[in-house]
Amino acid sequence: MASWGIRGLAQSWGQLQQAQKLIVPSSRGILGARPRPQSTHAQTDAVSGNVPPTQISVMDNGMRVATEDSGSPTATVGLWIDTGSRYETAANNGVAHFLEHMVFKGTAKRTQNALELEIENMGAHLNAYTSREQTVFYAKCLSGDVGHAVEILSDILQNSKFDEQAIERERGVILREMQEVEMNLQEVVFDYLHSVAFQGTPLGRTILGPTKNIKSINRDDLRSYIDTHYKGPRMVVAGAGGVAHQDLCQLTQQHFGQIGTQYQAEIPLDLHCRYTGSEVLARDDAMPLAHVALAVEGVGWTNPDNIPLMVANTMLGNWDRSMIAGPSNASNLAKNVSAGSCNSYQAFNTCYKVGMDASGPDQSTPLAWVHSGPRAILKSSHCRHHSRTCFLFEQDTGLWGVYFVAGNMQLDDMVHFITEEWMRLCTTVSDFEVDRAKNLLKTNMMLQLDGTTPVCEDIGRQMLCYGRRMSAQELEKRIDAVDAALVRDVCYRYIYDQCPVVAAVGPIENLPDYNVIRSKLFWNRL
Amino acid sequence: MLGCCTRSVLRLRQTQLRLAGLRCGYASQPPPPIHRVPLSEPLSTAAHPTVLESHPFISPTGSDGRAEPGRVSTLSNGIRVASQPHYGQFCTVGVCIDSGSRYEVAYPSGISHFLEKLAFASTQKFQSNDEIQSRLEKFGGICDCQSTRDTFLYAASIDRRGLETMVEILGDVVLRPNITEEELQFTRMAVQYEVEDAQMRPDQEPLMLEAIHSAAFSNNTLGLPKMCPPENTAGISRSILMKYLSTYHVPSRMVVAGVGVEHDQLVRYVEDHFVNSPPVYELSKAHADQSLAQYTGGLVSIEKDLSNVSLGPTPMPDLVHLTIGLESVSHQHPNFIAFCVLNMMMGGGGSFSAGGPGKGMYTRLYTQVLNRYHWMYSATAFNHAYGDSGLFCITASAPPQNLGDMTQVITHEMAKLTGHIGNEEFNRAKTQLKSMLLMNLESRPVIFEDVARQVLAQGERRDPREYIELIDQIQPADINQIANKMLASQPSVAVIGNLQNMPSLKDIELSLIDKMPSPSKRSFFR
């Protein structure tokens, strides 16, 4: 009955949770803790509350299998791959995303049509997405169909035909997708933001790539991209819902066992993407509202400072004009702007993974060795491979800031309120506020994990970002350890007197000059 | 960039410190504080013992695949309490009320819109929304209020340990709101913004939904507007709202439902906060509106210039939006399941992307409409089911010059439903309906809504398996039969945009009666 008229609340809660997702990093960074091939072993985390435990195994080719079996009648299974547009060059930028499109276009065994019908007829969903650092393919299906779904995933990832004609057709589709993306101003502003914050580095490029590349990427580009990046140790098979761990391990062995660990060509290095404080402005007075992102350099996924930064981010929160809370909102910024300084705003915290800086001081080589264990060994082997001396110094990066939509005459106020709030975070924020934000952050993180797909995504992402699964209890404990002094200390280090990055589109005549914004990030008094 | 350098140095120092720690060995050193442990490393259990004990996971479904049955109790004042066992640390609990815009006939339209926005504001016991929020935050709770045409839902997800607090808050929010003049003022602003925003957004869906309901039910009952008409915002006062509440928000029209809660506990708390504490308004002697929704059919056309609706620099195509609806059945009617199968079989979506295999890319509106007519921008089927009536409709958009063709194509698809239905498409629709039902029910808030609505409508919640059995029983002949019945009703038509090429309602009626028109005969729109 009403079970499928249900949409209403479910959707609005989805939106609520989506808004909260901005608090959690929206792009997925990775700590590529890539274990070397090991024999299969399983470890079980004991977790409290009636929540299924995470079971993790490592296959012979380094692929990791991680599951949480809740015994439900539906399941999500998929592949999380440690690759994305960050691994592209100016010449092949867009290939990761192009590939995501092409794997649905038929394999040696199945035509595109047969593949689509097979999925549709079993009532399953097949999905894929590419971010700057992750490529994901997953299927959602009835739990009885998990084996079938894994077989299909393995077929499209390993045996796709990349038919020339299909490639030609897909160019048009991707160009149209580009148009759709350009209609979404939030995406436009975030692409602009990356293009200047990480100028001259792979993180500055877009995921879709420039039109020129979309028109020229060919079959060889796709093949060589797969050969270079789809390697066992960089892949995670994750499962949630009605999916038994042993079964999924067997299926992985059977269908992905032939994926190798060896690189034929040059080993791709994760080079550090340098952050540059800067701005990009695209003034268009014909647009009704200005869309602006204002950020400073944040941290990568594994940096422990990420937790206090997330708490600070929660304190800024988000607000839009349809929210009535007004002056009684928990967020001080929302309180200040709700009198009419913007249409909406959202705080964001985007993390990227740790890259290596080749320009660190001499002594940093042994530092990195000791500091990060197996990963550093892998890196040093890169170095030998290239027979050059590189000074390995790990650096991570991210973007931490606020995105807002406002009228031209509101921009000055809005920038003022944001920077004022940032300065308050660095200097005088109180334990009372921090405690509230901690509770809110915990809630946001926990409530997201509802349904097999969000849980599966969380498992896959964490396995790539942290190299492990962090239990809800651990996360709670880490958030509990934050206090106002720590928030002030961390914010002071990342915000105070730092060069921000600004991206703005629309009627932005009234946006304060970059140097004015920069000067709002320190005080000549304390 | 000076700041950046300083930070690198700072981090280097930290690393050196860590290195020193490593050299000495952790055995002789205290472990690092939690906020210094990278997220890629687990917290050491010795230094940071787990707070919560671990329990083995208990699967929510028994060996027969059936979920544990829920329970329903009716309390002395007529309020019903329903619960459903579920796993996990969180529960969802809320109140479902037989109230909504369909009952606003004797009131200025917009009451529900106001009440929705006023939810969780100050009450007899709690001074402000802020106080409620901070109470919830302690237990990691979030709350929300949503109304549809015939149902109000006040709900929250919260840690199980916060159940009593939550029921206490819900009792006060639902039965004892203050509704101060200040809150009303903020609500007027929020409502006004939402109405303006809906008019400005390129997406016409909310407006189309209002228009088709008003056409189908002649501006009465289900056809009353859900969105507050702008001219009513000023006039809606506390006394009007209270009068409405005293008639419709009465215990006998309410269900309190909880998912993942103890039934007896929930009953006890509801006794305290919904039975023993009276509402702030005196329960009205006035009778609630009992009128049945009367399907009439009809035309609502809104001429609107949509040639420049893009909010950004990328232009949106100029589109005209059309919905054609026919009378379906209530969610209590034996034919309801057949309508759900029909809805799945028609499917549809945007012409640009079906969202990947599994999202209905082989449904009729794709194979017969979107894939055939390149000018069609979107086409989707909806089945809106209510307690006493229902509306099955297809909503579509295309450039204004194709409005005549679009009308013809859509009516043709509806008329064709009395004809042959292929086995493959039919079985696909049934499988997809079953998997959609189970996948929706992965999420706890969705289970909550399902339980609450079912108990409100039929006094009990049926297990999803029962619906699956009912779906299995549907035959193609059932679809033909409901199609015949449906086509005998007067069509409802809603259209927004440039109406130059709009055919008359009479023409639409004729083309629906002419069940299988040959393409050559379909010329009267030109």
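Student: Which residue takes a positive phi in the hairpin of strand 1 of chain B and strand 2 of chain B?

Tutor: In this predicted model, that residue is G78(B), with a phi near 95 degrees. The hairpin has five residues between the strands.

Student: What makes strand 1 and strand 2 of chain B a pair?

Tutor: Pairing requires at least two bridges between two strands. Strand 1 (residues 71-74) and strand 2 (residues 80-84) of chain B are joined over four bridges, in the antiparallel sense. The requirement is therefore met. Within this pair, V72(B) stands opposite A82(B).

Student: How do you know that the reach of helix 15 of chain B is close to the expected span?

Tutor: Helix 15 of chain B covers residues 476-487, which is 12 residues. The expected span is 1.5 Å times one less than the number of residues, and for this helix that gives 16 Å. From first C-alpha to last, helix 15 of chain B reaches 17 Å, close to the expected value.

Student: Which residues of helix 15 of chain B are called buried, and why?

Tutor: They are I479(B), I482(B), A483(B) and M486(B). A residue is called buried if 20 or more other C-beta atoms lie within 10 Å of its own, so each of these four satisfies that condition.

Student: Why are these buried residues said to line one face of the helix?

Tutor: Seen down the axis of helix 15 of chain B, the buried residues fall within an arc of 105 degrees, so they line one face. On the other side, A477(B) and N484(B) are exposed.

Student: What do the buried residues of helix 15 of chain B pack against?

Tutor: They pack against strand 8 (320-327), helix 9 (336-346) and strand 11 (390-398) of chain B.

Student: Which residues touch the most other members of the largest nonpolar core?

Tutor: This core has 274 residues, and those touching the most other members are V189(A), L193(A), V311(A), Y154(B), V341(B) and A452(B). Helix 9 of chain B gives the most to this core, with 10 residues. In soluble globular proteins, nonpolar side chains tend to be buried together.

Student: Which residues is V341(B) in contact with, leaving aside its neighbours within four places in sequence?

Tutor: They are A429(B), K430(B), L433(B), I471(B), I474(B) and I479(B). Contact requires C-beta atoms within 7 Å, so each of these residues has its C-beta atom within that distance of the one in V341(B). Of these, I479(B) is also one of the buried residues of helix 15 of chain B.

Terms used:
Residues numbered from 1 in each chain as written. Chains lettered and ligands numbered in written order. Predicted model: local features only at pLDDT ≥ 70, side-chain atom pairs only at ≥ 80, totals over all residues. Helix = DSSP H or I, 4+ residues; strand = E, 2+ residues; numbered from the N terminus. Buried ≥ 20, exposed ≤ 12 C-beta atoms within 10 Å, placed from the backbone. Arc of directions from axis to C-beta. Contact = placed C-beta atoms within 7 Å. Core = buried A, V, L, I, M, F, W, Y, C linked by C-beta atoms within 7 Å.
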